[in-house]
Protein chains: 2
Amino acid sequence: MTTLPESNLGAGSRRARIAAWQAEGFDPHNCPVRSILDQITAKWTVLILLEVQEEPKRFNMLLRSLPDISRRMLTQGLRDLERNGLLRRTVFDTRPPGVEYALTELGRALMTPLLALVDWVAANRESVYDSRRRFDEQ
Amino acid sequence: MTTLPESNLGAGSRRARIAAWQAEGFDPHNCPVRSILDQITAKWTVLILLEVQEEPKRFNMLLRSLPDISRRMLTQGLRDLERNGLLRRTVFDTRPPGVEYALTELGRALMTPLLALVDWVAANRESVYDSRRRFDEQ
DNA sequence: GATCGCAGGTCTCAATTAGGGACCTTTCGA
DNA sequence: TCGAAAGGTCCCTAATTGAGACCTGCGATC
């Protein structure tokens, strides 16, 4: 497993944070950031987080909001997010029982950088499309 | 294809930007943001961007920095990033010819929100690990 | 009192995608 | 004459994903 290089994280407090990791002793072949980043940026987890952001949603509601996700992938994405502490799963004792997924505090905190990234993409999408068009013309 | 919901992007200028897209007329089943976001957050592209960030790198150099990437995936990741206008590919007429990959202006701009996300993960990794441990105990 | 529908899943199988590694091309040096 | 190096491509296998049938338990329907 490749480790994120120190220099990636920029100057100042970021460097300090990395120095701290190394002091704690971590295995460069098992980078702790990557295992989290991979799950956070996985195809469906980003979309799920965006859906759940404004208000808690239930399983079948998510299935309807994300028409091209399969039940299997939705289940797995929700489990991953729950396991990572970003989503809370609440079962309601109704007939039939309902299950609601909501952001945790940690999940809510994540939305700040995540929305910034989504917003950057939204703001720059024309540049990207232009580039793709030029590239595909060759 | 699922479209990112308007509410995802928060208030103010973000909403305005989405309103602008809709005015331009876009197909909700072919969301333009997702097709970009999927490529930017794909497993290897993030790592490649982080590697190339500080200084241009060559193909085999990247292969060495990312020990667990395959040649095939590196090639494909580099092509995607080039196509999206985030990376510039430069061939040097040496013997044998060398190829260098560098961030474009657009790519450099992307690093701001992308590094913020990486940094969030780095800062909060212990919380995530704690949550995983608790989840796995059940 | 059979059956339909719903909620929230699981399971199986087929299709897509990723990884491993051999192979290619050109040129230099031993 | 052989090997190495750079930057890939190609093929085959392994892993991941997606489509969709099925499950469970209960309440309402006919």
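**Interface.** I checked which surface each copy uses to meet the other. In this predicted model, 100% of the interface residues of chain A are also interface residues in chain B, so the copies meet through the same surface.

**Symmetry.** I then superposed the copies. A turn of 180° with a shift of 0.0 Å along the axis lays chain A on chain B, and the RMSD is 0.0 Å. The two copies are therefore related as by a two-fold rotation axis. I looked for the C-alpha of chain A nearest that axis and found Thr41(A), at 2.8 Å.

**Fold of chain A.** I counted 6 helices and 3 strands in chain A. Along the sequence they come in the pattern α-α-α-β-α-α-β-β-α. I noted that 30% of the 138 residues in chain A are buried. I also looked at contacts in chain A between residues at least 6 apart in sequence; of these, 51% join residues at least 24 apart.

**Strands.** I took strand 3 (residues 98–103) of chain A as the reference, and listed its partners. Strand 1 (residues 57–58) pairs with strand 3 in the antiparallel sense, over 2 bridges. In that pairing I noted Lys57(A), whose bridge partner in strand 3 is Tyr101(A). Strand 2 (residues 87–92) of chain A also runs antiparallel to strand 3, and 6 bridges join them. Here Val91(A) has Val99(A) as its bridge partner. I followed the chain from strand 2 to strand 3 and found a hairpin that joins them through 5 residues.

**Core.** Which residues have the most contacts inside the largest nonpolar core? I found Leu49(A), Val121(A), Leu49(B) and Val121(B), in a core of 51 residues. I then listed the neighbours of Leu49(A), leaving out residues up to four places away in sequence. Leu49(A) touches Leu81(A), Leu86(A), Gly107(A), Met111(A) and Leu114(A).

**DNA strand C.** I looked up what lies around DNA strand C and got 16 residues. The closest are Phe59(A), Gly98(A) and Val99(A) from chain A, and Ser70(B) and Met73(B) from chain B. I next asked which elements give two or more residues to this surface. In chain A they are helix 4 (59–65), helix 5 (71–83) and strand 3; in chain B, helix 5 (71–83). I sorted the surface near DNA strand C by class and got 6 nonpolar, 4 polar and 6 charged residues. Val99(A) thus turns up twice in my notes: among the residues closest to DNA strand C, and as the bridge partner of Val91(A).

Technical notes. Residues numbered from 1 in each chain as written. Chains lettered and ligands numbered in written order. Predicted model: local features only at pLDDT ≥ 70, side-chain atom pairs only at ≥ 80, totals over all residues. Least-squares fit on C-alpha atoms with pLDDT ≥ 70 in both. Contact = placed C-beta atoms within 7 Å. Core = buried A, V, L, I, M, F, W, Y, C linked by C-beta atoms within 7 Å. Buried ≥ 20, exposed ≤ 12 C-beta atoms within 10 Å, placed from the backbone. Helix = DSSP H or I, 4+ residues; strand = E, 2+ residues; numbered from the N terminus. Pairing = 2+ DSSP bridges. Near = placed C-beta within 6 Å. Nonpolar A, V, L, I, M, F, W, Y, C, P; charged D, E, K, R; others polar.
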